[in-house]
Amino acid sequence: MKVGVYGFLSSIHLTLFLLTAGVLLILFGTLDQVQYGIYFTQQKYFEHVFVVWNYPQQWLWGEKLDWLQIPLPGGYLIGPLLVINLACAHFRYFRPSWKKAGIPLIHAGIILLLLGQLWTQLQQKEYFLWLGEGESKNYVESFHYDEFVLVEIAEGDTRRVHSWETRDLNELGKVLHNDGLPFSIEVLWFARNAAIFPRPPMQPESFPEMPFNRGIGAERDLVVLPQRPTFAEGERNATSAIVRLKDGETEIGTWLVSNLFRSDPPMREHFPIQSFEHGGRQWQLALRFKRMYLPAQIELADFRHDRYPGTEIPYNFSSTVRIREPGTKGRETLIYMNHPLRYAGLTFYQASFADNDTKSMFQVVHNPARWVPYVACALTTLGLVVQFLVSLFVHGRKRRAPGAAAGPEPSSRGPEGPTPRRGRAFQAAILSALILGAGLLLLRHLQPPGYPAGWDLDRFARLPVQEGGRIKPIDTVARTTLMMISGKQSYSEAGGKRVNAPEWFAELVLDPRTAARRAVFRIDHPDLVGLLGFHNEERKYFSMEEIAPHFESLQEQFRQLPEEPRLWNPFQKALGKLRGSLALYDRSASILVPPPFFGNARETYTMLERVREDAASPEEGENAANALNLFRAQFARLAATAHVQAVPPLPGHGAGGWQSLGDSLLATVDSGSLDPVPAAWADLSSAWQEKDSVRFKYSLERLENLYRNRTGERAEKTGFEYFFNTFTPFGAAMELYILILIAAAFSWMGWTRVLARAAFWILVVAFAVHTFGLGARIYIQERPPVTNLYSSAIFVSWAAIPICLYLERRYLNGIAAAAAAVMGFTTLIIAHHLSFSGDTMEMMRAVLDSNFWLATHVPTVTIGYSATFLAGLLGAIHILRWNLPGGIDPQTGKAISGMVYGAVCFALLFSYVGTVLGGIWADQSWGRFWGWDPKENGALMIVLWNAIILHARWAKVAGTTGLMQLAVAGNIITAWSWFGTNMLGVGLHSYGFMDAAFLWLVAFIASQVAIILLGYRRRHP
Amino acid sequence: MSTNKRKEAGIAEEATTPGLYLIVLAVSGWLILIANLFGVAGRSGWIFPPVEDLAGLAMSTLLLAILGMTPAALRHLFKGKDSAA
């Protein structure tokens, strides 16, 4: 077959290859960021025609496999070829019609996006500006480039700067000239990275003689040695050179220059500016960060770093800067997170801070092509929406056309019932039984938790406290604490009695001595169990009373833990976890009443009052003062370790102002008046310890009144949050999903219609419960649905369920319901495991504190994940059912194929729009649309992969099974983008390496690969 | 064994497409290898990357080529047997 150049360039096979190569390039480019950082990797992968990926030495069998290299086409090959391919394909194949109205827009948008990216890569420059309060500068410095400069200081301190790029220094022996320079510069030595140190007095001869004879190098007898360049994020190479200055043939001197010799503190103190005199003029020479001068002086007037009360979580970083242009008074502006300053074609955004919040760093971006992605993305999104709507319209018209099938007949195998009438009754009975089962299951969750009779612990659990900057019921604190210590929200006593978190917590805070007997500390590692003296023990839960005698040996082990948790072995991980649990237990025990310094809390307060009275008398003054200092020290320790603030401000004290018990008692030591809240907690504690339920109720009522008067509307949601906690909607939804899966799986063996219908209706109920849970979180947090990894797990399955409901309603074959059930159950299990690390409704960090973008970009991109997962899951169901005895009937196969195609179209639309919105957020906040951050790359991989699936189907490269296999591979890419990219420890979306999650991710990927391979086993006829 | 039966037994026609892609990667590797051998890689800047371990690259490209040709070779092998039968 003869294929011309035009035919090749316009081929859809070329499109497929380029998209696949793009996915591989982005994947390897993301993996390499761990070693080489984002900047270098971006240059290596996306600004080259060809790239070579090396197997990293630190990977498994790295020393044996380090020869392995994978050559890839780079960004400069894939991008232009894609533009050419798209343009050629468009002109060759496209025939205008209203059914394809969106296609030209999509293609034009993509071509513009690719060209815009190329323009950006060529033109975008990134700088930084460090300013201390009161300091001003009229230049910004490059993050990555250096320059060699000679500064001529003329009369009146006017300066003329002669500068050269460092690439001019790279050629040894090169002589640099410049107009107006009375001398030439010869480069004797250059290193991209170097170590500079004073010549050691011991064995000075073991280091080479240095050729410089002037400047800091000669004065301090410095030695300079070349080093391997570093690519680590946040580190900079110490670029250095030795240069000789000559006036004609006469040497003026030889200097060592380095970007380490900087004019900003603390380097200025170590390395003053190097200067010399020549020809009656003063000169300075330096190798420094490349500068770009601004048309104005930028002065930092004020920097603020605000945290949520009682936490270290920042909610605001802001800098007030003054811009002073020559001849003007200047103006003041505020730069804060997500609100950069755009000035002189540059975007200044708040990037960092130092020196006790007195120094602020701005990242400064120059990107002349920043408008291009907006136009490109608007075109593509418009095209996708038009095409999607046209397809829907055409599809709907086909279905409504006279003579068209009323929809696919549900496939059925096995008996539908003996006779129509008896069968209908039987079906109704099954349907009713299953829906009744679902109802009972829900009722079980709606039941109030069981507490000991007469103690009103539900009222105790509803009382508000402040933790992590948020006002929440004690119930939430109790559940989170027990979850972190024991991995559950309840525990079982030796007799089998189940104790809920609030009951355990009440005992912990009101009577810690008794609580110490409860076996709540989960210890999984047998060596650690042995260290506590429990050999051959099969249990995993231990009490404080059992652990306390081994504190000394434990402390010794804790001291030996390496600082970097990433390096911990399984035993050390268990130790680290126990250390965290013990600290949390200890802190939690004294958030409401102080530790029993003198008997119980009541007696402690009485003693404090007496000591204060004694301090006022001349006889006891000194002793009492010492005793007061002891109280002060104890309460200060309480205040320093407190993570919960339980004392609300007095009415009329405005927002905030909650105090921890320690802070409140410290105030009592000084003022002498005990706040009624700690006093009431002390009464409650003694009533609990003395098992006086009547006094307990009375004290509780007093506390309720105090909290009601002081908190007012601010704590109005705690009652609802308590209901949300006890209802556990996600737990209920998980149980319903299991029921749906069972019904759907049985529907494939027989009674297809009735069981599929039951699965559908239970799915409606599960969706309602899941939606309630999601809505409740939105109401409590006052935030959009996805704010962290936990909420993304909940949202991913929720977003897929409406699609599944539509598909199940249409096909009624149990497949979409089964997919929804598997997805719902799995993601809620993932969410459950993510909740072990603490409150899942934590406050938003400053950088994410933007409800607009959280409500648009994040849910949209998560819906993209969701639809891609759904397509993959349907593909997996197809492959698995095909391989089961009996296979899959052609009608069901066709139905699943249609579902997968629809889900992929949906996924492409949402993942593209979501990614674009993310880019716009990045541009609005940081002045750049795309930064090759691992998470951004992951989102792009999903977009490309969905495009591959659609093109493979259009090109008929993939048949039905091929389509399913590609959809399953989409699961791997989505899982990688969702979790894998967070584990790299690189970029803005890095949440740290989660080794347990890493193993699960590997297992998931292996399972998906196995399903893909299974697809090769049997083919569609 | 008929073609359909063999296909059912697991010889995937579509498996040759990823194989072809691997061969394209191997060809890219050879281009990089040649550029490095002739000293073009260092000077070309943004076209060919300089490679330190040329033997490793040669072995890797060979491996990619072999892996890439495997599905097509298997198909060819079965086709030959089929026509002989």
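Begin by selecting A:Pro56 in this predicted model, and the residue appears in the loop of chain A that runs between β1 (50–54) and α4 (62–65). Colour it by accessibility and A:Pro56 counts as buried, because its relative accessible area is 5%, and the cut-off for that class is under 20%. Then show its surroundings: once the neighbours within four places in sequence are set aside, A:Pro56 is in contact with A:Gln35 and A:Gly62. For a sense of scale, draw a distance from the C-alpha atom of A:Pro56 to that of A:Val321, which lies 265 residues away along the chain, and the separation is 44 Å.

Next, stay in chain A and select the strands β6, β7, β10 and β11, which form an open sheet of 4 strands in the order β6-β7-β10-β11, with antiparallel pairing. The edges of this sheet are β6 (175–176) and β11 (250–258) of chain A, each of which pairs on one side only. Zoom in on the β6 edge, where 2 bridges join β6(A) to β7 of chain A, residues 184–191, and the two strands run antiparallel. To see one bridge in detail, pick A:Val175 and look across to β7(A), where its bridge partner is A:Glu186.

Now turn to the enclosed space. Rolling a probe the size of a water molecule over the atoms shows where empty space is left. Over the whole structure, such a search finds 3 cavities of 30 Å³ or more, and the one to visit here is the second largest, which holds about 40 Å³ of space. Select its lining in chain A as follows: A:Arg587, A:Ser590, A:Ile591, A:Leu638, A:Thr641, A:Ala642, A:Val644, A:Ser660, A:Leu661 and A:Gly662. With the cartoon switched on, α20 (621–641) and α21 (661–671) of chain A can be seen each to supply at least two residues of this lining. Coloured by class, the lining of the second largest cavity shows 5 nonpolar, 4 polar and 1 charged residues.

Finish by hiding chain A and selecting chain B, whose secondary structure comes to 4 helices and 0 strands, following the pattern α-α-α-α when read along the sequence. Of the 85 residues in chain B, 33% count as buried, and the accessible surface of the chain comes to about 5,200 Å², with 70% of that area belonging to carbon and sulfur atoms. If you draw the contacts within chain B between residues at least 6 apart in sequence, 65% of them join residues at least 24 apart.

How values were computed: Residues numbered from 1 in each chain as written. Chains lettered and ligands numbered in written order. Predicted model: local features only at pLDDT ≥ 70, side-chain atom pairs only at ≥ 80, totals over all residues. Heavy atoms only, no water. Pairing = 2+ DSSP bridges. Buried < 20%, exposed > 50% of the residue type's maximum accessible area, 1.4 Å probe, protein only. Contact = heavy atoms within 4.5 Å. Areas by Shrake-Rupley, 256 points an atom, 1.4 Å probe, with all protein chains shown as cover. 1 Å grid on protein atoms, 1.4 Å probe; cavity = no way out; pocket = protein on both sides within 12 Å on 5 of 7 lines; lining within 4 Å. Points joined across faces, edges and corners; volume = space filled by probe spheres on them. Nonpolar A, V, L, I, M, F, W, Y, C, P; charged D, E, K, R; others polar.
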